Amino acid sequence: MLKFSIQGNKPMVRPDVVLHAFNWKYQEIIDRLGEIKEAGYGAILIPPPLYSDVHSDHWWQCYQPKDYRVLLSHLGGKKELEELIKQCHSSEPQIKLYADIVINHMANEDRGDRLDFPGEAELANYRHNRDLFEANKLYGDLNEGLFSGFDFNRTGNIQEHEWWDRERVIYGDLSDLPDLMDSPWVLLQQRTMLAALVDMGFDGFRIDAIKHITTRMIDNFADSEALAGSYLFGEVLTTNDEEERIFLDPFLQETWISAYDFRLFQTIRKAFEMGGSLRKLARPENENNGLPWDRAVTFVVNHDLPHNDDFREFLLEPRDEHLAYAYILGKDGGLPLIYSDHNESVHRYHQDHDRWYDAFKREDIKRMIRFHNEVQGKEMTMLYESDLVLVFGRGDCGLVAINKGGEHTSVEFSTHCLKKSSVYKDLINNNEMTISGDWFTLSINPRTAQMWLCQSDLAVNDGV
């Protein structure tokens with residue numbers, strides 16, 4: 001559950017940085033919990049755990065569920081999930097565990113009864129391997145089917161010219177994936193499945209492809225008493241102002257749950273591109289360039305961008321990605337998400353090799369997370385802004401400076417919000433400086449970020 005502190009009349013969300021352990025096997029997450037904790041993460045997002053093809057290790061396989069009632073995939077099963085939850089919650093401080101959930105559609109399978117789930121062949125597999133499937137059962141009677149042809153919208157694939165039509169995007173099939181309708185039976189199964197996952201100990205859920213489902217389907221679980229303490233956020237994938245108007249604005253008006261901040265991501269991307277201005281990042285929420293502070297899951301890269309041809313153009317340059325991480329981990333508001341994979345995109349895009357492999361424990365990321373955790377809940381004050389440079393304070397003890405330009409820069413700003421005559425340490429670059437007087441001049445190297453923290457507020461561990 002999110003923690004709050006009060007500053008003035010405004011409740012400030014104190015978010016925990018989320019590690020998106022993309023396509024990690026559950027046992028690997030268990031084995032690396034020590035590293036994850038040491039890096040400063042407060043939560044982990046795992047791929048969809050619902051039953052999918054265990055014989056394929058393609059990352060997208062987990063996004064094609066076969067049955068809500070079974071927890072089994074190429075990443076592991078129910079036993080590993082229970083152990084993962086146990087170890088996350090026994091950690092001090094506790095690490096939250098979020099699951100990615102697919103409820104818009106079921107798997108696209110080449111069989112005669114493709115709208116029966118899990119299908120007759122799979123039911124026979126359940127009977128033949130009863131011990132395996134009973135051990136991985138989440139709820140229900142596996143002797144019976146879950147969905148039939150009566151449970152799906154049967155309006156055909158969304159066509160290229162229909163992606164601006166909200167109704168077609170909601171009720172159409174996404175690339176031949178059978179699209180579930182919001183009938184009473186389907187809603188009951190979705191509500192029951194999510195409640196069972198909460199009973200297991202999951203702390204929250206990312207709802208995949210949420211712009212493709214009805215508000216009724218969202219309200220069905222979002223307003224469920226069983227999920228009252230869960231953190232919920234959705235993937236409202238938008239790439240421009242018009243898509244935001246069609247999909248994101250209604251989502252914000254019709255629901256209360258959080259979402260990936262694609263609006264802020266597009267602002268970040270435009271700010272860092274050639275000719276773009278960092279001024280757009282000074283007060284993004286006030287200019288409708290980001291989601292409300294308490295509903296935003298902020299990111300610099302997520303799993304859709306590297307793996308889909310249509311979205312790769314939105315990837316930041318590696319150096320800009322570093323600077324953008326300093327921004328989202330330095331700024332106030334939002335729940336920052338860090339993407340870390342195992343080179344899944346390399347087989348199609350060789351230039352991705354090791355770009356996000358083990359990114360969760362990269363030294364620059366760890367140092368930024370440390371800054372973020374030290375200044376949680378502290379007010380953000382903009383101290384200097386130009387097209388190329390942004391400097392802002394966090395409370396009276398933190399200072400973030402970003403220079404996207406190609407030249408060394410010195411900027412002068414008021415120190416009214418900062419502790420005077422104090423030594424500050426740049427956690428990214430391990431430099432120190434003393435701030436004194438009412439004005440201060442800061443020197444920033446080209447294409448770099450700095451995250452300064454007052455020494456008296458530094459944690460004991462100087463190694464980070």
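Arg 362 is partly exposed, at 26% relative accessibility. In this predicted model, the side chain of Arg 362 meets that of Asp 364 in a salt bridge, with 2.8 Å between N and O. Asp 364 has a relative accessible area of 16% and is therefore classed as buried, the cut-off being under 20%. The pair thus joins a partly exposed arginine to a buried aspartate.

This contact belongs to a broader set, since a search of the whole structure finds 33 salt bridges. Side chains of opposite charge can pair when their charged atoms come close. One such pair consists of Glu 244 and Arg 263, whose closest N and O atoms are 2.9 Å apart. Glu 244 lies in helix α9, residues 241-254, and Arg 263 in helix α10, residues 262-272; the two residues are 19 positions apart, and the pair links distant parts of the chain. Both partners are withdrawn from the surface: Glu 244 is buried at 7% relative accessibility, and Arg 263 is buried at 5%.

A further salt bridge connects Asp 309 with Arg 348, with 3.0 Å between the closest N and O atoms. Asp 309 is found in the loop between α11 (304-307) and α12 (318-330), while Arg 348 is found in the loop between β15 (335-340) and α13 (363-374), so this salt bridge ties together parts that are 39 residues apart in sequence. Arg 348 is partly exposed, its relative accessible area being 45%. Charged side chains also combine beyond simple pairs: Glu 28, Arg 32, Glu 35, Asp 358 and Lys 361 are linked in a network of salt bridges.

Attention may now turn to the cysteines. The search of the whole structure finds 0 disulfides. Cys 62 takes part in no disulfide, and the cysteine sulfur nearest to its own, that of Cys 88, is 17 Å away. For Cys 88, in turn, the closest cysteine sulfur is that of Cys 62, and the 17 Å between them is too far for a bond, because a disulfide requires sulfur atoms within 2.5 Å. Cys 62 is buried, with a relative accessible area of 1%, and Cys 88 is buried at 0%.

The strands offer another view of the fold. In the order β3-β4-β8-β11-β12-β13-β14-β15, 8 strands close into a barrel with parallel pairing. On average, neighbouring strands of this sheet are turned by 30 degrees against each other, direction ignored. Within the barrel, strand β12 (residues 231-234) pairs with strand β13 (residues 258-260) in the parallel sense over 2 bridges. At this junction, Gly 234 stands opposite Ala 259 in β13.

Helix α12 packs on the sheet, where it touches β14 (296-298) and β15, and its direction makes about 145 degrees with that of β15. What span should the 13 residues of α12 have at 1.5 Å a residue? The expected value is 18 Å, and the end C-alpha atoms of α12 are 18 Å apart, which agrees. Of the 13 residues of α12, 11 are buried, so the helix is largely enclosed by the rest of the structure. The buried residues of α12 include the charged or polar-named Asp 320, Glu 321 and His 322 as well as Leu 323, Tyr 325, Ile 328 and Gly 330.

Notes
Residues are numbered from 1 along each chain as its sequence is written. This is a predicted model: local features need pLDDT of at least 70, side-chain atom pairs count only at pLDDT 80 or more; totals for chains, interfaces and linings use all residues. Side-chain values use heavy atoms; hydrogens and water are left out. A salt bridge is a side-chain nitrogen of Lys or Arg within 4 Å of a carboxyl oxygen of Asp or Glu. Helices (H or I, at least four residues) and strands (E, at least two) are DSSP runs, numbered from the N terminus. Buried means under 20% relative accessible area, exposed over 50%, partly exposed in between (1.4 Å probe, protein chains only). Two strands pair if DSSP finds at least two bridges between them. Axes are lines fitted to C-alpha atoms, for helices over the stretch in contact, and angles run from 0 to 180 degrees between N-to-C directions. Contact means heavy atoms within 4.5 Å. The expected span of a helix is 1.5 Å times one less than its number of residues.
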